[in-house]
Amino acid sequence: MKLKQSIAIFTAVFFGLLTLVALLFNVSGLSSVILGWASFLAAIALILGVMNLLLVHLTRLFKEQNLYSGVLVLSILGVFAAAVLDGLTGSNSVNALFNWVQAPLEAALASLLAVFLLLAGVQLLKRQHTGWAVLFSVTAVVMLLGQALLTSRLLPAGLRQPVNQIVEFVQNVVVTAGLRGLLIGVALGTLLLSLRLLMGVERPYNK
Amino acid sequence: MTDLVGLIIGLLLTLFIYSYLIGDNPLYRVSVHLLVGVSAAYAVVVVVRQLLLPIWQQVQANPASPDSVIWLVPILFALMLLARRLPSVSWLGNTSLALLIGVGAAVALLGGLTGTLWPQIVGVQPATPLQGIVVALLTICTLLAFQFTALRPRSSGLWQPAMWQRGVTAVGRIVLTITFGALFAALMSTGLILLAERLNFFLTELVQRF
Amino acid sequence: MSNEITCKECGYKNPHSSKFCNNCGAKLPLSTHIICPNCATPNTRDRIFCDTCGTRLVAEHPQLKPEDPIESQPLNKPFSLPARRPGDTGELNPNAVPDWLRTGNIGADKSGQAEEDEDAPAGGRDTSDLPDWLVHDSDPDPIINAPTTISTEFYRDLLERAEDLPQPDDLFPDEAGSNLPDWLSDAADGGNEAEASQGLTDWLSDLADGDEGAATAVADDDDDDEDATSVGLTDWLADLDDDADTADVHAADNAAALNDLLSAQPNEEADSSDWLSELGPPQTDVLPEQQEDLNVEDLPGWMDELGPIQTNLLDPAQLAELTGPLRGTADEAEDFFDDDAGEDVSFTDLFETSRGATESLPDWLEDAAEKGESFLLDLPDESEEPVEAEEPEIISEADSDWFTVEEIVSQTDLDWLADTGNLDKIDDEARHELERLHETADLFDDGLDELQDEVLVEDELLANDESLADDEDDDFDWLSDMAAIQTGELTIDEIPSAEMAVPSLDEPEDEAPEEPEPALESDSWSSDTFLAETAVAEDLPAWLDELGENAETAESPEMDLSSEDLPEWIASMRPSQGIFGSELPGVLSDMDIRDTLEGIPEELAGGELPDWLKDAPPDTRPARPLVDINVDATQKIPDWLQPDPPGAKAAGSPLLPAEDAAPGGSRNEWRFLLENLPPLTPLAESLPKADIPEWIQQLKPPELTGQPPRDLHGPEETVGPLKGMQGVIAIEPAIARPRTASPLLPHVTTPEQLQQAALLHQIARETPTTVTTLSANAPYSTAVWLRIGLAVLLFVAILVGLRGPNLLATNGTVPANVQAVATAVSSAAGQPVLMAIEYTPAMAGELTSQAQMLLAQLAANGSQVVIASQYAAGTAVAETLTADTEAQIIGYLPGEGIGLRQLGECFAGRNTCDQLNGRVLPAELQASLSEIGLVIVVTGDRDNLVNWVEQVGQVAPDVPLVAGVTQALTPLTRSYASTGQIAGLLGGAPEARLYAQLIGQPASGLEAQLNAQVIGQLLAGVLLIIGLVVYGTTGLVNGRRANK
């Protein structure tokens, strides 16, 4: 068992270091090949993921008689069938399915975002009686109303400039600083994680 | 006609999704499962169509070429990846994942270091120097807001942050709170525009059709 | 009916479940109603089902099935003893008490038992081993009667009756009583008289009989009753007294002398331990002197066991013979003995008489003295027939006849201890013994002479023992040296007298009989002194005086205490051993008594022999066996009392058989014996080294350390219980400085914790208003209605915005980032432009318009558009967008950052753009990618934007990167825009509208959507404010209530 784990660790470290060397020292051919292999494996992994999803819901369908899983299975198989049909007949059924099913559904789900965001914002203080929640709500109100007023013509001209300055200050100073800090923090975390992966300390693949 | 059918299907599915406002119901669940199935299958179809088939055709066209031969390695890794389904040889799939994770870690390392960390620290171009200084200070406070350990113990022995630590942490938390509030407002705006687009679509199409 | 309970005291209305009034605290009556959990209808308490909805109000209890028999219960139950609650003493029925407990008859007479309780032990109990005071066979009035009534009178009567009973201490209430263990009583009963071992001092009895060369056989073997009684160690010394009064006086003097001998006069300033201090200063008297401080109970146990000194047991002739060397005449020896044969002088009485205190003596000793019973006589048959003194059987002849081992062993009645329980025979035996002692008195004279000579030999042996050399480097020796103090550094005069408590012998039976006699300090002890200090000096035979003369010239070897804690001379005084023990035949006859006592420290041995010892002539008669060894008879005797069999003695014992005895009588024999003694084992070699604590090391006397004496008068203690004392040893630091508990860290409560505690307090204090129930017809919750309402409002607002008045401002300022986009697009005119459609239909509502405008502008600029996407759905969107344009489609780019890295490498010219993700690209595409002039990323995903910036924008900085993002992603994109990583930014629909205005492409759909967005934003803002006010105020009010 230790040998098996060692092989995976060696592979990860080897190819990772190889990629680093190829990218840093501009070894074009090597980097292209390795990146190609990795991209290919990523695509294969996506396929395997979908296959696994299909098998899981098939199991649920036949063991638990879960109709929703049946819908999912049918939809997958339907798309596969449409793809095969398209290949055979040259039609574009898959795109039709995409346009008739996936697109509306995704758009509808996204359009509900505003409702739930508003609901959460209104009940924020109901759940959390802290100053931070108040500050959060006040900021959200200021930004919403500020953008709306600035975009619209409801704001008097005299108040336009102060409102604009307030909004710009919040956006260009505070928000920028906060997001920059978040970006730096995320980058640092990514950096450390990558180093751990390349050193073999982190082994998410051996699970 | 097909467009109308599509339109009606889309409308129904949209209404199914909007039924969630009332509460969880089977229509919503069906539509969600349908969405997952279709999107997953579509992704597979796209990968197969736009990646695997060309590669297959490419290899098939010239199997003896070095480029084709060298494809044996990723194919082998791909087959090993398939072995994860079999418990006895699932360890083979770890090697493929290891390759993927190793290469991805290297790419992320270089990208994060050169693409985000360094430019965000050094390459900032503020509108005014004062703004730059303020933004930098607020950025530092934001980073220090994630500090959960005290630097030194107090005279009583308790590990408590110093006054300046607590001040910096408070400033950082204020900045983050305002940032999140602004992000909430922005996200709210996006949601509103998406809702508007959806409603406008249906209104427009229905009005046009009917 | 209301769900509240009104308090009768104050009229306050409390919830129905309250037990105490919330206003005045008065106890409220129990709730008279049961609230239905379903419909909340109050029902009377006698209802089981609700009157309104029929819901069961009372929980259903599992009914016991009557058909379940006991047999169905599991058989193999775990066994457990019946429990008894605390305080439950069980049945106290007096009739249930067994007879043996009630009457006290422990099965002594089975026939006498009227009834046998079932609890009584079967077969009764053998009471032969029990003393009489426990066994009352025919006690008509048993002491223990189960009382029918427990009362004070009963116990009073019980105590009174108990007082009349013989006490356990009365070991010898009558002739029938035998309070001794079996081995003692059996030893008295059984055994051939001829083989019966005699007491230690039987030879003394024989001496008193006056038989020429006869051993001091005390008892005839054929007659158990006539077995010799044991005599105390110094009985012969005490018996040398000629008359009773004198004997008493001499006994007292002897007791005192022995007391001095046994007790030390410790140096008050000495630092020795207790047992060492007990050794005390040298004693001038061997015999006990009158010493008031001596405590009889401090004597070793074996001394007490010796019983009374049989001063009247010795035959005058024997005694005369015994004391001949001391006195010179047998007549004088006779006078020494007590004529009152019936009176025994207890060994301990010597001390008591001297002290005038007898209360510390055991009762049995006192009784023995008072009643004149010689409990040391061996009288197993309870026969009162006087024992005829018989001539002791002489096993072997030696010069030191009565000190010959065989003689002594053969004739010494070691059953004197066994016979101690047979008090009936003591009296008769006493007279017999006295007669025999007289006979042996003359033998004693010779023995003393021999002893004197032999001691000289021993001195040489001890002097050669290097292990006894005072080695100050050896830490272990100084402890032993402390006891000896015979190095001459400490003299007797320097050591003040002090009490000496005789240490008890732990294992007297373990002492090797061949241990040599400790030598006396001849320079500090003389028989003259001894005799002078003892009252019996003038009565002692002349041979004892001679012993003292010889002792003066003898060296004083160091005493060997390696074998045990006690000095040799004390150890030798054990019943089985000692100066006058059987293993030292003829010692006293041949040597001065003073020589025998050589080796005894100066302070212990005393300076002078008593006169009667000095005058004792050495016994030149051949040694006579004192005791016939009878192994059978001695089997029941403990080992330490058993004499050595003659064979063993003859085999390898240092005690020489008679035939091997050196010529010259007992003295030579003793000398020869000493010469053949095994080498002394040094204490350092035999015993493991002990780790002497430091505090003991400090007690090492300066005489041994060679250092000046420790200042005992050091600083005086000022505090503590030893305040005022000097020379106090410092206590350990751990004790002096006890640990102090570290102070507890103060608890710090953070504001968050206080808030949480207040919240918990608030929750706990909240009184439940109604019972919350779950039912199928539960109404919609507030949250659901709120959600529906908000959705409706938003929908209305959006619809109003879509179809309502246009509230948008027309003269808006175009931000710089929007202008940069236009500039970048314009700059890329005629160049291939990569446009990444990185969004799905979910974000298509906001990004599609941007993508369409950009595509239109690119098309207007004549730029070749290359479409790529990392989303599978993005390819479909891209296909939709580029349906009317001629765009090159790369397609799907898997691997996120990995796939984009290849693209970036291609844009940077580091790689050829012929392959992408392993697939070979068409030539046109390769050419386009190699000449790409602009990268436009239209995305709504943060990670995707970051990947494009990191993997493409940073890798190929020469290729501008323009981003069209949603309003949600705009703040993040501004961070990258501020660093120049993104050339242009279209932040959502508002900026897309401005861009459209900038490029002069109107977007009607975008205007309506944006108008709807504005109205929606206004509505959302207002609703957020309302929620802020309402819930914020409610929370503050609740918080204040909680704080109150």
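In chain C, 81% of the contacts with a separation of 6 or more are between residues 24 or more positions apart. Keep in mind that this is a predicted model. Below is a quick look at chain C as a whole, then a helix pair in chain A, and finally one glycine of chain C.

**Chain C overall**
- Chain C has 1044 residues, and 53% of them are buried.
- Its secondary structure adds up to 40 helices and 15 strands.
- About 45700 Å² of chain C is exposed, with 51% of that coming from carbon and sulfur atoms.

**A helix pair in chain A**
- Helix H2 (residues 28–64) and helix H3 (residues 67–89) of chain A have axes that come within 8 Å and cross at roughly 135°.
- That angle falls short of the "over 145" needed for roughly antiparallel, so H2(A) and H3(A) count as oblique to each other.
- As for handedness, the crossing of H2(A) and H3(A) is left-handed.
- On the H2(A) side, the contact residues include Val50(A), Leu54(A), His57(A), Arg60(A) and Leu61(A).
- H3(A) brings in, among others, Ser69(A), Gly70(A), Val73(A), Ile76(A) and Phe80(A).
- Sorted by type, the residues where H2(A) meets H3(A) come out as 11 nonpolar, 3 polar and 1 charged.

**Gly918 of chain C**
- Gly918(C) sits in the loop between strand E11 (915–916) and strand E12 (919–920) of chain C.
- Its relative accessible area is 5%, so Gly918(C) is buried, the cut-off being under 20%.
- Leaving aside residues up to four places away in sequence, Gly918(C) touches Gly36(A), plus Ile55(B), Gln58(B) and Trp71(B).

Terms used:
Residues are numbered from 1 along each chain as its sequence is written. Chains are lettered from A and ligands numbered from 1 in the order in which they are written. This is a predicted model: local features need pLDDT of at least 70, side-chain atom pairs count only at pLDDT 80 or more; totals for chains, interfaces and linings use all residues. Side-chain values use heavy atoms; hydrogens and water are left out. Helices (H or I, at least four residues) and strands (E, at least two) are DSSP runs, numbered from the N terminus. Buried means under 20% relative accessible area, exposed over 50%, partly exposed in between (1.4 Å probe, protein chains only). Contact means heavy atoms within 4.5 Å. Accessible areas come from the Shrake-Rupley method with a 1.4 Å probe; for residues, only the protein chains shown count as cover. Axes are lines fitted to C-alpha atoms, for helices over the stretch in contact, and angles run from 0 to 180 degrees between N-to-C directions. Angles under 35 degrees count as roughly parallel, over 145 as roughly antiparallel, 65 to 115 as roughly perpendicular and the rest as oblique. A crossing is left-handed if the near helix is turned anticlockwise from the far one by less than a right angle, and right-handed if clockwise. Ala, Val, Leu, Ile, Met, Phe, Trp, Tyr, Cys and Pro count as nonpolar, Asp, Glu, Lys and Arg as charged, and the others, Gly among them, as polar.
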